[in-house]
Amino acid sequence: MQALDKVPGCPDFYWIEGYSAEYRGGKRYYRIEPIPAEYKDNAIRVFKNLQIIRDYFKVPVMITYQGCMYRTPNYNRRCGGAYASKHLKALAADVSVKDVPSMEVYRFARDHTEFKGFGIISAKSINLDLRLKYWFKIY
């Protein structure tokens with residue numbers, strides 16, 4: 001699982017896209033902390049569901065730099081993430097789908113993917129996660 005290896009079953013995604021940002025010396029660095037091996041299967045599930053979205057809309061699905069897929073506990077605290085954030089176990093991704101409003105992404109993902117958690121971050125950005133029960137929030 002090298003940074004520039006493609007994710008199995010996901011021709012449009014590389015592992016590095018799920019890496020956590022981190023603060024070091026008071027500065028934020030993006031995509032520098034790899035997804036731990038124990039969360040690899042979680043990440044693959046998220047990537048596969050993002051691939052479904054990408055295939056449907058036929059445009060890039062970008063995991064945001066600030067939101068990430070995986071977050072280290074330190075980065076999660078520093079960026080204001082929830083105490084038990086799904087990002088801590090690579091079960092979530094904050095994404096932007098090129099030229100597609102987040103509410104449209106939500107409606108498609110709700111009906112056609114495994115995602116059960118949805119947070120509308122902005123008109124162009126949405127949190128998607130693999131929780132067990134349906135959850136929806138507009139931030």
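This passage walks through the overall fold, the nonpolar core and the largest pocket of a predicted model.

A good place to begin is the chain as a whole. Its secondary structure comes to three helices and nine strands. Read from the N terminus, these elements follow the order β-β-β-β-α-β-α-β-α-β-β-β. The radius of gyration is 14 Å, close to the 14 Å that the globule rule gives for 139 residues, so the chain is as compact as a globular protein of that length. Along the principal axes, the C-alpha atoms fill a box of roughly 40 × 30 × 30 Å. Of the 139 residues, 45% count as buried. Contacts that link distant parts of the sequence are also well represented: among contacts with a separation of 6 or more, 55% join residues 24 or more positions apart.

Turning to the interior, the largest nonpolar core holds 35 residues, and those that touch the most other members are Phe 47, Leu 50, Ile 53, Met 69, Phe 115 and Leu 128. Two or more residues each are given to this core by strand E2 (10-14), helix H1 (40-57), strand E5 (61-63), E6, helix H3 (102-112), strand E7 (117-122) and E8. The most generous of these is H1, with seven residues. Phe 47 offers a helpful close-up of the packing. Leaving aside residues up to four places away in sequence, Phe 47 touches Val 7, Cys 10, Phe 13, Tyr 14, Trp 15, Glu 17, Gly 18, Ile 63 and Met 69.

Helix H3 can be viewed in a similar way. Its buried residues are Ser 102, Val 105, Tyr 106, Phe 108 and Ala 109. In an α-helix there are 3.6 residues a turn, so residues three or four places apart point the same way. The buried residues of H3 pack against H1, E6, E7, E8 and strand E9 (135-138).

The last feature to visit is the largest pocket, which has a volume of about 510 Å³. It is lined by 22 residues, of which Arg 71, His 87, Asp 94, Asn 127 and Tyr 139 are the closest to the centre. Strand E6 (92-97) and strand E8 (125-129) each supply at least two residues of the lining. The largest share, three residues, comes from E8. Sorted by class, the lining has seven nonpolar, nine polar and six charged residues. Strands E6 and E8 thus appear in both settings, since they supply residues to the pocket lining and also give residues to the nonpolar core.

Technical notes: Residues are numbered from 1 along each chain as its sequence is written. This is a predicted model: local features need pLDDT of at least 70, side-chain atom pairs count only at pLDDT 80 or more; totals for chains, interfaces and linings use all residues. Side-chain values use heavy atoms; hydrogens and water are left out. On a 1 Å grid over the protein atoms alone, a cavity is a set of points where a 1.4 Å probe fits but cannot get out, and a pocket is an open set with protein on both sides within 12 Å along at least five of seven lines; lining residues have an atom within 4 Å of a point. Grid points are joined across faces, edges and corners, and a volume is the space filled by probe spheres set on the points. Helices (H or I, at least four residues) and strands (E, at least two) are DSSP runs, numbered from the N terminus. Ala, Val, Leu, Ile, Met, Phe, Trp, Tyr, Cys and Pro count as nonpolar, Asp, Glu, Lys and Arg as charged, and the others, Gly among them, as polar. A nonpolar core is a set of buried Ala, Val, Leu, Ile, Met, Phe, Trp, Tyr and Cys residues joined through side-chain atoms within 4.5 Å. Buried means under 20% relative accessible area, exposed over 50%, partly exposed in between (1.4 Å probe, protein chains only). Contact means heavy atoms within 4.5 Å. The radius of gyration is taken over C-alpha atoms; the globule rule is 2.2 Å times the number of residues to the power 0.38.
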